[in-house]
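Q: I've just opened this one and don't know my way around yet. Can you walk me through it?
A: Sure, have a look and ask away.

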Amino acid sequence: MSNLKPKEIVKELDKYIIGQGKAKRSVAIALRNRWRRQQVPEDLRDEIAPKNIILIGPTGVGKTEIARRLSNLTDSPFNKIEASKFTEVGYVGRDVESMVRDLLELTVNTLKAREQEAVKEKAWQIAEERMLDLLLPKSEKHQAQKSDATAETHLELLSSSGGDESSSTREKLRSMLRNGKLDNRYVDLEVSDRAMPVVEIFSNVGMEEMGINFKDMLGGLIPKSTKRRKVKVPEAMETMAAEEAQNLVDLDKVVKQAIEKVEQSGIIFLDEIDKIVGKNGTQGPDVSREGVQRDLLPIVEGSTVTTKYGPVKSDNILFIAAGAFHTVKPSDLIPELQGRFPIRVELDSLGWKEFVRILTEPKNALLLQYLALLKTEGVEMVFENDAVEDIAKIAEEVNNMTENIGARRLHTIMECLLEDILFDAPDLHEKRLVIDRLYVENKLKDIKDDEDLSRYIL
Ligand SMILES: Nc1ncnc2c1ncn2[C@@H]1O[C@H](COP(=O)(O)OP(=O)(O)OP(=O)(O)O)[C@@H](O)[C@H]1O
Ligand SMILES: [Mg+2]
């Protein structure tokens, strides 16, 4: 999914997000530019800085949704975070540099998992040898006490091979192992036992600025304690294979690759950026918010962030910010930060026509979700088209009448509409339910027409 063309990216996003063509286009272009930059000769590549984007749009129109879906589409390191989570350096909380650290951590983990997957087969082979080593001494001992009446039956098979040299016994055992004939046997296995209760006392929050993870640190200090445990053969194989896979992967190489990837093609989605706009002033908590903006500047502009894996340059990381900008405007951001987000895209607010599509079209459409939920109770629900239209229209009306919360309104309305069915579903005699106009009207009309009531319920 890595080098999709802009058109293909938009097409993928279309599967989940209705409308918002402009926003999809601009993020698709930005994503493609990441890939294009990779193809440019190195000396020029370093000169090409990413063009950061701000997505602006009312609440509930798909900003966060775009970010979520985008993360699955790109092979670039991708991290989505809420700007409101951060506090100015010096205050208790997460400092902005942690987003680069998190991005790297994520990338290291993904790459590590990928590498381990690649050596899976080899690791399994090694684990198999280890397993045979574990099993063999026992079976030899067993041969010695052949006459033992309590002998386990499946080892009888082995002993019947009599005085064969150990290599053929080993091969026999191997084929038994592969055919699952030993699945019910237990072996003694050394398992690392790192569950130190002490560690749980520390919280990572506040320690972030050091780039140190306490668990890792203590985990390293306290000698790795191992515990002998009896485990079944298949489980032991899994454990040993995982261990061997870890040993086979060259962590230094992975880290180097990860840093390179983050520096060259990382993307950070900075959600809720409007929440760090301080309202015209320097009082109270707003000081801290502007502080966060100031802290953001060097990172967006390009600086070096220290991480536990080493320094990471943020010069070429692409930032996509998003915010509702209800009460504040993008121009309320501190000027330096505005300049670092040259591309502005406005998302459209949604009307009933979009709501109809949102209810039915996306792969994870709300109606499909309810159908699937009720199907587990053996109830088949059918929505008539004009009923769906009515639901959408009511959503728009309520949005206009009270507060516009965009597509989120659909969630509250659907819950209200289906509450009785969801409650009674297990006991219903009639297993086929048709939701028609009349049903919608009965359930929702009174609430909708009473403004006060709808303020509370819908
Ligand atoms: N254009 C859309 N197409 C499909 N679903 C949408 C669309 N817009 C919003 N939704 C649905 O509405 C819900 C809220 O959307 P989302 O989280 O993207 O809002 P937002 O724009 O980030 O709002 P906020 O500013 O409050 O964070 C999600 O469940 C999402 O699936
Ligand atoms: Mg959001």
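Q: Which helix does E336 lie in?
A: E336 lies in helix 14, which covers residues 335-339. Keep in mind that this is a predicted model.

Q: Is E336 buried, exposed or partly exposed?
A: E336 is partly exposed. The count is 13 other C-beta atoms within 10 Å, and a residue needs 20 or more to be buried.

Q: What does UniProt say about E336?
A: The UniProt entry, an unreviewed one, places the feature "binding site" there. That feature also takes in I18, G60, V61, G62, K63, T64, E65, D271 and R408.

Q: Let's take D271. Where does D271 lie?
A: D271 is in strand 5, residues 267-271.

Q: Buried or exposed?
A: D271 is buried, because 21 other C-beta atoms lie within 10 Å and the cut-off is 20 or more.

Q: What is D271 in contact with?
A: Setting aside neighbours within four places in sequence, D271 is in contact with T64, A67, K80, I81, E82, A83 and A322. T64 is also among the UniProt "binding site" positions.

Q: Now the ligand. Which residues come nearest to ligand 1?
A: There are 18 residues around ligand 1, and T59, G62, K63, T64 and A407 come nearest. UniProt's "binding site" feature includes G62, K63 and T64.

Q: Which element gives the largest share of that shell?
A: Helix 4, residues 63-73, with three residues.

Q: How do the shell residues divide by type?
A: Seven are nonpolar, eight polar and three charged.

Q: Why does ligand 1 lie between two domains?
A: Both domains give residues to the shell around ligand 1, so the ligand lies between them. They are domain 1 (6-113 + 258-346) and domain 3 (352-451).

Q: Zooming out, how many helices and strands are there in the protein chain?
A: The protein chain has 20 helices and 11 strands.

Q: What share of the residues counts as buried?
A: 28% of the 458 residues.

Q: And what about contacts across the sequence?
A: Take contacts between residues at least 6 apart in sequence: 80% of them join residues at least 24 apart.

Q: What is the mean pLDDT?
A: The mean pLDDT of the protein chain is 83, and 84% of residues reach 70 or more.

Q: Where does pLDDT stay under 50?
A: Residues 144-163 stay under 50, and the model has 15 contacts for them beyond four places in sequence. Residues 196-203 are below 50 too, with six contacts beyond near neighbours in sequence.

Q: How should low pLDDT be read?
A: Where pLDDT is low, don't read the predicted coordinates in detail.

Terms used. Residues numbered from 1 in each chain as written. Chains lettered and ligands numbered in written order. Predicted model: local features only at pLDDT ≥ 70, side-chain atom pairs only at ≥ 80, totals over all residues. Near = placed C-beta within 6 Å. Helix = DSSP H or I, 4+ residues; strand = E, 2+ residues; numbered from the N terminus. Nonpolar A, V, L, I, M, F, W, Y, C, P; charged D, E, K, R; others polar. Domains from an automatic or database assignment. Buried ≥ 20, exposed ≤ 12 C-beta atoms within 10 Å, placed from the backbone. Contact = placed C-beta atoms within 7 Å. UniProt positions renumbered as here; feature names shortened; annotations may be inferred. pLDDT = per-residue confidence, 0-100.
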